[in-house]
Each structure stands twice: as structure tokens, then as C-alpha cells.
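Colleague: I am new to this structure and would like to go through it step by step. Could we begin once it is in view?

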Amino acid sequence: MEDVCEGKDYSFSTEEEKILSFWSQIDAFNTQLKRTENCPEYIFYDGPPFATGLPHYGHILAGTIKDVVTRYQTMNGHHVTRRFGWDCHGLPVENEIDNALGIKRRDEILKMGIGNYNEHCRRIVTRYVEEWEKIVTRTGRWIDFKNDYKTMDLKFMESVWWVFAQLYEKGLVYRGFKVMPYSTGCKTPLSNFEASQNYKLVPDVEIMVTFPIVGDPDKAAFVAWTTTPWTLPSNLALCVNANFVYVKVRNKHTGKIYVVAESQLLSLPTEKPKSNVTSGPSGDSKKSKTKGSSGEKTEDPADSYEVLEKFSGASLVGKKYEPLFEYFQEFSDVAFKVIADNFVTDDSGTGIVHCAPAFGEDDYRVCIENQIISKGENLIVAVDDDGLFTGKIVDFCGRYVKDADKDIIEAVKAKGRLIKLGTFTHSYPFCWRSDTPLIYRAVPNWFVRVEQVKEQLLENNKQTYWVPDYVKDKRFHNWLENARDWAISRSRFWGTPLPIWISEDGGEIIVMDSIEKLQRLSGKKVTDLHRHHIDHIEIPSSRGPQFGVLRRVEDVLDCWFESGSMPYAYIHYPFENTELFEKNFPGHFVAEGLDQTRGWFYTLMVLSTALFGKPAFRNLICNGLVLAEDGKKMSKRLKNYPSPVEVINDYGADALRLYLINSPVVRAETLRFKKGGVYAVVKDVFLPWYNAYRFLVQNAKRLQIEGCAPFVPIDLASLKSSNVLDQWIQSATGSLVHFVRQEMDGYRLYTVVPYLLKFLDNLTNIYVRFNRKRLKGRTGEEDCRTALSTLYDVLLTSCKVMAPFTPFFTEVLYQNMRKVHDGSEESIHYCSIPQEEGKRGERIEESVVRMMTIIDLGRNIRERHNKPLKMPLKEMVIVHPDANFLEDIAGKLQEYVLEELNVRALVACNDTLKYSSLRAEPDFSILGKRLGKSMDIVAKEVKTMSQDDILAFEKAGEVIIAGHCLKLTDIKVVRDFKRPDGMTDKEIDAAGDGDVLVVLDLRPDESLFEAGVAREVVNRIQKLRKKVGLEPTDLVEVYFESLDEDKAAIEQVLSSQENYIKDAIGSPLLSCSVMPPHAVVIDEESFHGISNFNLKISLTRPALYFNSKAILALYAGNTKFAQGLQTYLLSRDHSVLKAELQHRHGKIKIDCIENQPPVEVTLGKHVFLTMGDYHLTERTDQ
């Protein structure tokens, strides 16, 4: 393995760029697809975005979710085709062209030609494709851009035609009306998006109108309020709310009797109507559902009106009233009556709404539901495309509706039906193209009968799996439950044309389901299905020449119909890939934002249900919205968020991916994006991970530096380590594999990162930290290789498991680690997700968790009593009833506890009452909801449980209290420390977590003094190494010099702790008196007050030590020759000389010194590589 830099010098972004180049070089994505082509298919549907804008965090989030899942499924043995898609048709594209060309009206498009207009649209559709590919690729997502699909492609559009034709054949398509925002200036309906683009504050009129009740004995009249008088000639019904209370009241001044909602009595005029009301409701529709009365002072209703009767809204249903105008007398049998619906509110108007079904969405719906009108093409719309009244409204025929308001009001007044008139200023929508006020108007449309398949939709929804599930069970279920027939046609130009050809008399309709059918019936060659290529094509009537020809209807399909057809159209089904589709439908996985519950998820479900009676997908992840840090929507204008490119350049794409995946946004909640959060992922996840990897590489390289055989990891099958921490980390890695597999199979991406965080914390702060001696080779080469092999396997396994989440970082680590493992795959992404192997050591995992709890509790006791870790303590007691745990902690885990807490002895105690008293506390968070009113009684009895009761409960695992069976999870057993008699809290103290109790003997012990000094000295040495930038594998020699008058005292202390110090720093601590004169000092520092000792520590590079007598003997006492040999050896590079001596088994022949006889030099006899080596040899000989 190659050397790696320090974590602080590692550039995540730079290394990711290198990996991108590597992937490109080996064609990694396509190679992966090729390698898995014979594996079972996993079908992923990628929702197509518009390419008219650049990708933002919402796209990156959804793309990351998709990439994680599809990478995982690929590494889990599937073939996953991933093709990028583009939504090419519809409003966003037309909007851009209109702005670019300054188009304001529909007739301007017709004048320039649909062909010219559509070709302008086609040209801008792919404008940002390169930018999308660059950013998506940079985030690490593997997806095919070269073989992408576009909704404007001929094959895609042909499949969309097939979908429409299938629905038509099933009787699920009909022509009817839909009330939509309508621009009279452009003579076209607008989408809600377009209608919201151009609001203006304008003055408008408000009136109250009476509708006399037929047959009422008091000659009472209903009172309705409206802000759109022009809709009154088309009135067909009045709507109340069945749940409201209505009153019949008599005006004390005029004697007139009215019916209104009781809550809106104040809205009635007290006398005659006022003509200059300056305030009122605001709203866009003809009826406001917000506050709507005038601003003048109003008398108390008790003084103005006498309440004659109260009744429910439901009792008014069916009552007939006198129509205001006589234009629709043919509807008298079914119309001009009261109906009820919940859209009527009691906080506005009069609680009675006038309904003109051609000019209000709710009006249209309730009139159909109450059989006043019927679905289909027979609705009378008394306003034409230019906003002029038709001949149906004889008195106002040819008048523009807004201009006719005044005359209509005068006509109502002349009939004695006007009781209130005013004006108010409100925000009203204008056409963004023509700048004319919009009206709501029923327009002809083609519909899919969604209501007819609603029950099947609800049933199919149950067959799907969603994360989070509440979006499916509530939001999406409710949307389906209230689903209305879907208006799928648009009076536009750039889209998939409706494949309907109709004869002039409407008697013959042909629906095209393929290009072949159109060519066959028309005799024309078809190479493009856009309007300007097929609008001219005519089909001869099958009834004969006398019936003329069939021409295509002008409309195009809603672009949502196209995206909903994506599962079929992107593979050109049923014209191609029939077997692929039919074997794998429904698709396995989709993922998009929460807004798609009413968009793409809905249209997918509707079309698949209508076509096949199945859901379109099996599994779905729904993400929430990414907001700016201030909680507002991300805005380029406000610049309230960092650009994705900036974040990736600073911290890398992997960090951004994990930040997004580990946030509430993956659970369909909102995320306030914080750049600091991405940095936190680097700091808390990647740097600890990297440092563990770097520690492996350093110590693997150290073996070679020290002349041992290169590191080759021991095969896992034969790696049967007896070390408890090896067993533990292998088991913990198995648990990681199990957890990630379990959560990924459940599509719960957001649970993986917290688990990984804990795993990496355990790896670095338990395994690596507690195993430093083994990993550094201080317990022997064999044990070192076992520990390194374990760490290697753990890192390799965790990288494979996490590769779908962090594709770059895991590839970096893998590429270096594979160099010591023959037969490795070329890329980590060609590997399989590891399987769970063997039985996991749940006992040892639990014991290590408890061990860390013990260490934390021990540290807490030390901190409470100001006893630093450098100060050794005599004894600790671990109290716990579990004999297996005590066996582990007093056996194989004992050395780690003692070393970490610097305690000399550990005593295990299973007598929980020896050091503690027990008390029971009910867990209110668990029991509260379950027990309800019984909680107080149960809580009181739990708290009075005796120690024997508690012990019996722990043994049995349950107890009956007040008739309720309580389990171990319902009651917290608290162990309070019971101090032994005759001891103070300064001498002994304890800490517990409710499970285990740690007791520390705090009494000073002179016998531990020297160990404490040694620990302090080691601490200073390690800090000095760090100060000069030494790596853990860098070899140095350490010397000390006493600065005290009594130099013998510190020398005696350090001599007694020689073995501990050597183990801790990796070499003996030497007296400065033996430092060779040729030793190179790296740094030195004086320390004062180490347990009242003062000393100087010096770090030197390893220096040769010569046995002068032995060298002199080589040359028969010739001093000059002996000096020449030493000079020659000192001139050699130390590491090269070391390697040569080790290679030649400690003996080298020196025959290159001019004018000197050749000699054989033996390591350990004539020369020592370090002063420390000589010192250890001398100690051994003694």
C-alpha cells in the first residue's frame, strides 16, 4: 500500500476528481452494467426534470437517494439500468420562448407559424444538458446520459399515443369541460402556475342579490353575495352548507324578509344599500370566501332585524327560488334550487353562494353532483373565446363580460333584487401575456375517468411500500380518495398531440395508437409527431367520400400525461422491449419530492391502474423540501444559500451526499441547508474513518521499514484471532453489514449514517486506541499481523457496505488496500455487498458496550474528585448481576479497563446489594399512554417496591401491579451507591447508569506514586513528538536529563517503570549521559513540576552505537582502521544500512575502505542500530 498523508492535508474534493478520472479511464459505469447484464433486473424509473434550468439541491438530494439505492441493488446482485430522462414539453419551455420572442398573444404564435414556434422550443430544451451532466456526474451519481430518453423523442411520443389509445378503447376517455383560468386577450386557458404570475391591485364591485323563495309563506328571499356580477345571468343554483345554522329575519325598517347564515347576519345592510363602500373582501373568484362586508358602521342586528326562525342548512336543500334572469328556463325542472356542499364557509359573504357552473370550479362540481348539469360536451358556456356574451344572453350579447358588470347591476336593481352595492380593492390575476384580467371559464377538454377507477387506485396504493409510510397512508391516500376526472388536453403547441382524428360532422372518430396506423390510414410518411408535422394530415372517411375527411383535434396532451407514461414510453413499449417490461412491471423503485404526490406519483398510479390494474411501482422514497438556512425558499436573487459547486469544492461530494441522506429531508420533512452541517460530516465521519485507514497503512508500511516481510492480510477464513477486541470488532462489523442490509432493504437510508457514525467511533476510539501496541508490533510480529489483518478486513468490509453512500471515499481507500490483496476487483463498485458470515458475538458486543460505560463512569468519578488519569488508583469494583458479563470484564476485557482508567486491580461483584440499594421507578414515557388513569396508582405501588420485590422482578422479568402486567422495559431499576461503613466520600465513591455500578477506591497509595510519574513523563514525550510533527511510525530515541539537585531520585523512579515506558513509547528512555556524540537532536524541552520533579527530554534520530573493543579486535588493535570503519558506517544512510543488515541476517562484509583490509561486521556484536538496542542487550546480558 502507498503512504498516505495526514487527515488535515487530505483534500476530499481533489481526491474525488482523481476518482472521476479513474472511473472514466476504466469506463466504470458501463463496465458494471456489462458485468451484471445476466443478473435479475431491478427496474428503476427516473422522473424526468426540465432541462431549461440548472440543478439545485432538490435535484441533488433526489439524485443522491436514487444513486444510493441503485448502487446498492447493483452490488446486491441485480442489473440496474439507469437512464437519465428529460421533460421537454409544456409550459416552462413555451414560457421561455414567449419571453425571448416577446410573444404576448396566441394569434402571434399562429402568425409566425406553429412549426417555427415549435422548432424554437426544440432548440432550447437541451440548453443546459451539459451543465446537468457535469453537476450530476460530479456528485458521484452513475446514470446514462448518452442513452437518455426525452419526452419529445419520436419513440417516446409513439408510446404515449399507445397509452392514450388504450384508455380510449377501455372507455376511460371522454370530452367534457373544465373550469380554468382563462385569458380573453390570448383566447386560451392558463395553468394555475401561469395564473399566479401577474397579480395586480384593482378596484372591483361587490353586490348582494335576493333570490325569492318559491312558495314561502313570508315571501322571504335568499341573499347571495358576489364580486362577479357578469356571472349572474348564468346562475343555475344556490349553495349552502348543510351543517350551518341559517336564520329567517325581517328588516324592521323595510319589512323585507331574508334568509342568511346566522354567523353572517351582520353582513346584511341595515336599511337600503350604500353605493360607495370602500372596503370589502379580497379574492379572485366571483364569490369571496373571506370577509366581505362594507366598512361602514352597522347597527346592532337586534335593532335592525327581527329573527323569525332558525333552521339547519340541510333543511333548505331542494327549495326552489325565482331565477334572476330567464336565459336558462329550459333548466327549470332541475335548476334554480338550493344544494349543499362544504366549500361554503360561514366566515364570509352571506353563507349562501350563487352557482354558475360554467364559471367556477366548485360551481361546476356541485352542479354535476346534484344532477343540475351532466358531464360531457353539452354544458352551455354563455361566454365565447373573446370573453363576449353569446347570443344565449340576449340582453348583453356581444358585450365583454367585465364591461357589462354595470349594466347587469342596473338590470338586477330594476328587478328590485339588489340590496347592497359597493366597491373594494383587491389582488386580481391578469394574463402574463396580454395583461388582460383573467376569468374562470369552462373550456372543452379531454378527460380520463379517474373516478371510475378510484377504488382500484386505493387498492393499488395499499400494494406499494413508501418511506415514510405516512405520506402514502395519509397524504397520497387522501388525494386518491378525493380524485376527480383528469383533464389531460391543453390548448397549446409544444407537446405530444392528441392522437384523435374526427370527422366534420363528429360522427366518426379514429384514435391512433401507432405511427404505422397513421401512415396506413393517411398514406403519408411520418417521421415526427409534433403538431407542425401532422396537423395537416387528413384521413379519408371510412363511410365514403361524401362524408369528407377526418382531421386531428388541435389540442396537445398535458405534459404530466407524458411523464406518467414514462414506464412504457422510455423503452418504447409495446413496440419494443415487450418481454423486459412484462416480466418486471411494476417497477421496483421510484423517488422524488413530496410535491409529486399530486404530480408524478399520482399520474404514474392513475395510468398504470387504468392500463393494467396494477400500481406502477413497488417501492418509493419521498423526500421533503431543502430550504435556505434562514428557513426561506432558496433564492438566487437573495443569495441565501451556497452554490452546490462551492460546497463540493470545499468538502467533497461524499460529504454533501451523507449530509443530505442523514437529514429529516429523507423522511419527507424540510431541511434548512447549512454549509456547516456538511463540514460536520467531514469532521465527524470522514476524518475518523480516514485516520483509522491511515493507521493501518502506516503500520503495514512499518513492517517493511523494520525489515519484515511485506504486509499481506491473512485470509478471513483462517483469521481465527483469540484477541477479544479482534473478535468484538469482527462481530461489530457483522452487525454493521446486517444493519445496513436490513435498512437498505427497507429503503430507510436515513438510519444508516447514525449507525455508521457509532461504528466508526467504536473503530477509532475502542479498537484502534486500545490496540495500538499490537498494531505497532510491540506484542510480536505475529500478533501485529493478526491485528492489522483484522483492521484491514474491517475497513474493507465497511468500505464495501458504504460504497453506495460514499462512492468516492470508499474507492480511494479500496484502491490502496487492494494492492496487498491479489485477485481484487478493479473497482470497489464491482464488488458485492458483504453477506452476514457466521453467528455474530452478541455477548461480546454487549460486554464491550458495557466496558465503555464502565470507563465513562470511572472517568466521571475521577473528574468529580479531581483525580487526573495520570494518577494511578489502587482498586475498582464492578457491580452487576450478570455473571457472564462479570466474567468478560474481569477476564479478557480487564486489561483494557485497567489501562484506560489507570487502576491497578479490578474486582467483579455480582452481589448488587453489597454496594447499592435498589429502588424502582416507573417509566412514564412508556406506561403513561398505556395505563391512562391507572398510572397514578401503578406509579405509587412501583415506587414502594422493596429490594426483595425488585430482585424477584428482575429474575422473573415481569410483575403484576394493580392488575397490570409490567415488563422489564416498563420499570427502571435504579441502583444507588451504598458506601461501606467507616469510609468517607473522599476515600470511596461510585457512579452508575442504572445497569452497572462502578466503585473506585480513591485513597492515596505511595506504591502507586512511581507509576503516576512514569505516566506523566510518557505524556510529555508523546506531546513533544506531536509538536515536532513525528508520525507514529517514525523511529526516534528518547533521552532524559534530571534538572534537580538530587538526580538519583528521578532516575530511580524511571528505572522502576522501565518496562511500562518502553511499551508506551516503543523504545527505552535513556539517560542523556549515554547519548552518542554523533546523535542528531530533533528537539528538546524542559518540564517542571512533574510530581515535584524537573527534567529535560530530548528526541534524536536513531544513531549507531559502536562496540569499540570488538571493532578494535577486528583490526588486531589498529586504532586507525577501527576509526575508519566507524567513520564509514556513520556515512551510510541509517535506514539503508539497517535494511542491508536485516537482509543479510545481521552480517555484512566491508571491503570498500581504501587502504584497509576487509572485515565482517556483525550486528549486536560490533555495531548496534540504536543506543536503545545496545541498552536492551546490556540489560539482557545482566
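Colleague: Which residues of α20 are buried?

Modeller: This is a predicted model, and everything that follows should be taken in that light. Helix α20 covers residues 600–612 and is mostly covered, since 12 of its 13 residues are buried, where buried means under 20% relative accessible area. The buried residues are W600, F601, Y602, T603, L604, M605, V606, L607, S608, T609, A610 and L611.

Colleague: How far apart are the end C-alpha atoms of α20?

Modeller: The helix has 13 residues, and at 1.5 Å a residue these should span 18 Å. The value computed from the model agrees with that expectation, because the end C-alpha atoms of α20 are 18 Å apart.

Colleague: What phi does G613 take, just after α20?

Modeller: The residue that comes just after α20 is a glycine, G613, and its phi is positive. The value for G613 is about 70°.

Colleague: Is α8 parallel or oblique to α20?

Modeller: The axes of α8, which covers residues 154–169, and α20 come within 9 Å and cross at roughly 55°. Angles under 35 degrees count as roughly parallel and those from 65 to 115 as roughly perpendicular, with the remaining range below 145 counted as oblique. The crossing angle therefore makes α8 oblique to α20.

Colleague: Which residues of α8 and α20 meet, and how many of the contact residues are nonpolar, polar and charged?

Modeller: On the side of α8 the contact involves W162, V163, Q166 and L167, and these meet L607, A610, L611 and F612 in α20. By class, the residues of this contact divide into 7 nonpolar, 1 polar and no charged.

Colleague: Where does I534 lie, and is I534 buried or exposed?

Modeller: I534 lies in helix α16, which covers residues 531–534. Leaving aside residues up to four places away in sequence, I534 touches W161, P497, W501, L518, V526, D528, L529 and R552. One of these, L518, is 16 residues from I534 in sequence and 9.5 Å from I534 in space, C-alpha to C-alpha. The relative accessible area of I534 is 0%, so I534 is buried.

Colleague: What angle do α27 and α28 pack at, and is their crossing left-handed or right-handed?

Modeller: Helix α27 (residues 781–802) and helix α28 (residues 807–817) have their axes 9 Å apart and pack at an angle of about 140°. That angle makes α27 oblique to α28. The crossing of the two helices is left-handed.

Colleague: Which residues of α27 and α28 meet, and how many in the contact are nonpolar, polar and charged?

Modeller: Y792, L795, L796, C799 and M802 of α27 meet T810, L813, Y814 and M817 of α28. Sorted by class, the contact between α27 and α28 has 8 nonpolar, 1 polar and no charged residues.

Colleague: Are α23 and α28 parallel or perpendicular to each other?

Modeller: The axes of α23, which covers residues 675–705, and α28 come within 12 Å and cross at roughly 5°. The contact joins F686, W689, Y690, Y693, L696 and V697 of α23 with F809, T810, V812, L813, N816 and M817 of α28, and its residues divide into 10 nonpolar, 2 polar and no charged. Since angles under 35 degrees count as roughly parallel, α23 and α28 are therefore roughly parallel.

Colleague: Which peptide bonds are cis?

Modeller: Most peptide bonds are trans. Among the cis ones here, one leads into P574, in the loop between α18 and α19, and another leads into P586, in the loop between α19 and β23. Each has omega near 5°, and they are the bonds from Y573 to P574 and from F585 to P586.

Colleague: What relative accessible area do A668 and S1091 have?

Modeller: Most residues other than glycine have a negative phi. A668, in the loop between α22 and β26, has a positive phi near 70°, and S1091, in the loop between β37 and β38, has a positive phi of about 50°. A668 is buried, with a relative accessible area of 8%, whereas S1091 is partly exposed, with a relative accessible area of 28%.

Key: Residues are numbered from 1 along each chain as its sequence is written. This is a predicted model: local features need pLDDT of at least 70, side-chain atom pairs count only at pLDDT 80 or more; totals for chains, interfaces and linings use all residues. Side-chain values use heavy atoms; hydrogens and water are left out. Axes are lines fitted to C-alpha atoms, for helices over the stretch in contact, and angles run from 0 to 180 degrees between N-to-C directions. Helices (H or I, at least four residues) and strands (E, at least two) are DSSP runs, numbered from the N terminus. Contact means heavy atoms within 4.5 Å. Ala, Val, Leu, Ile, Met, Phe, Trp, Tyr, Cys and Pro count as nonpolar, Asp, Glu, Lys and Arg as charged, and the others, Gly among them, as polar. The expected span of a helix is 1.5 Å times one less than its number of residues. Buried means under 20% relative accessible area, exposed over 50%, partly exposed in between (1.4 Å probe, protein chains only). A crossing is left-handed if the near helix is turned anticlockwise from the far one by less than a right angle, and right-handed if clockwise.
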